[in-house]
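Reader: I'm new to this one. Could you walk me through how to read it?

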Amino acid sequence: MSAGGGTKAIIAALVANAGIAVAKFVGFLITGSSSMLAESVHSVADTSNQGLLLLGQKTARRKATLNHPFGFGRDRYFYSFIVALMLFSLGSVFALYEGIHKLESHEELSSPIVAVVILVVAIGLESYSFRTAIVESRTIKGDATWWQFIRQSKVPELPVVLLEDAGALFGLVLALLGVGLSTLTGDPVWDAIGTICIGVLLGVIAVILIVEMKSLLIGEGAAPAELDVITDELASDQVQRVIHIKTQYIGPDELLVAAKIALNPGLSINEVAAAIDAAEQRVRAKVPAARLIYLEPDLDRSLTAKS
């Protein structure tokens, strides 16, 4: 999977969530619905999250320094990890607290039709944001399933936006069901149950994102298929074989490759340098993200031992 920032999807989500948050807060003030309040806080958290993702993209473009010789590409992983934590703390925990509080207080809803109208409009806006994220993701997803894309993508922003938007849509449906059932039955307990369900949903999504972003932040290597391509491109021409190799993504667009390669015996210094340069060019032609390549030339001692 090639890397891409998904800036369009982030901006679409930011604009949609900001508008939805304002509408939901107005709906909460009018109706007193805990589902509306939970969804309001959720949208505020999502809006802040998109701002953090954009900030991460900006700071990741800083030039390398003596203290950070490999650059700041992992800033995008860091801010995506913070987004996952915020989704859990501001979204999930608050919704669970509000739902439990509403179960105990049994506060009646007022003007529930207002909440229904706002939620329907919010579903429309959130659907637009979700569709934008899907379109942006398809360009780099390839043949992978959506779950594989979320698990394997080295681009943190698109999986985050995809799961946020999916959670927001399901959350809106749950809030709509909670308000609707409370209105039909006259029992506010349904609104509280809807709020608790929203909290559980956001908690599950947050945990998935935390696990995935932590893995990227610590450092992931190239995918098996990508590693096979790199190894095959190295092991040709004057290179007999790859003795061992290590890779790590130091940013969504930058892969570090370090390998010890066995060269044909009897090469001169100039021929060794040329063989290494050619190997690097072959790898970069097939895997553009492999911008940093360090190769250590050696002899294949396993063949020497056999002879």
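Author: Let's go from the whole chain down to a few single residues. This is a predicted model, where local features need pLDDT of at least 70, side-chain atom pairs count only at pLDDT 80 or more, and totals for chains, interfaces and linings use all residues. Residues are numbered from 1 along each chain as its sequence is written, and side-chain values use heavy atoms, with hydrogens and water left out.

Reader: How many helices and strands does the protein chain have, and in what order do they run?

Author: Helices (H or I, at least four residues) and strands (E, at least two) are DSSP runs, numbered from the N terminus. Here there are ten helices and three strands. Starting at the N terminus, the order is α-α-α-α-α-α-α-α-β-β-α-β-α.

Reader: What do I compare the radius of gyration of the protein chain with?

Author: With a rule for a compact globule: 2.2 Å times the number of residues to the power 0.38, with the radius taken over C-alpha atoms. For 307 residues that gives a value near 19 Å, but this chain has 25 Å. Its C-alpha trace spans about 90 × 35 × 35 Å along the principal axes.

Reader: And how much of the protein chain counts as buried?

Author: Buried means under 20% relative accessible area, exposed over 50%, and partly exposed in between (1.4 Å probe, protein chains only). By that cut-off, 47% of the 307 residues are buried.

Reader: Let's try a residue. Where is glutamine 57, and is it buried or exposed?

Author: Glutamine 57 is in helix H2 (residues 34-60). It counts as buried because its relative accessible area is 7%. For its partner you need the idea of a polar contact: a pair of N or O atoms within 3.5 Å, where, within protein, one must be able to donate a hydrogen and the other to accept it, and residues adjacent in sequence count only if both atoms are side-chain atoms. The glutamine 57 side chain makes one with the side chain of threonine 7, at 3.1 Å.

Reader: What does the side chain of serine 182 reach?

Author: The backbone oxygen of glycine 178, at 2.9 Å. Serine 182 sits in helix H6 (residues 157-185), and its relative accessibility is 6%, so it counts as buried.

Reader: Which residues does leucine 201 touch?

Author: Contact means heavy atoms within 4.5 Å. Leaving out residues up to four places away in sequence, leucine 201 touches Gly167, Phe170, Gly171 and Leu174. Leucine 201 itself belongs to helix H7 (residues 189-218). Its C-alpha atom is 9.6 Å from that of glycine 91, which is 110 residues away along the chain.

Reader: Now a loop, please. Where does serine 111 lie, and what is it in contact with?

Author: Serine 111 is in the loop between helix H3 (75-105) and helix H4 (112-141). Apart from neighbours within four places in sequence, serine 111 is in contact with Ile30 and Thr31. Serine 111 and glycine 32 are 79 residues apart in sequence, yet 8.8 Å apart in space, C-alpha to C-alpha. With 37% relative accessibility, serine 111 counts as partly exposed.

Reader: What is the phi of aspartate 237, and is this residue buried or exposed?

Author: Aspartate 237 has a positive phi of about 60°, although it is not a glycine. You'll find aspartate 237 in the loop between helix H8 (224-234) and strand E1 (239-251). Its relative accessible area is 58%, so aspartate 237 is exposed.
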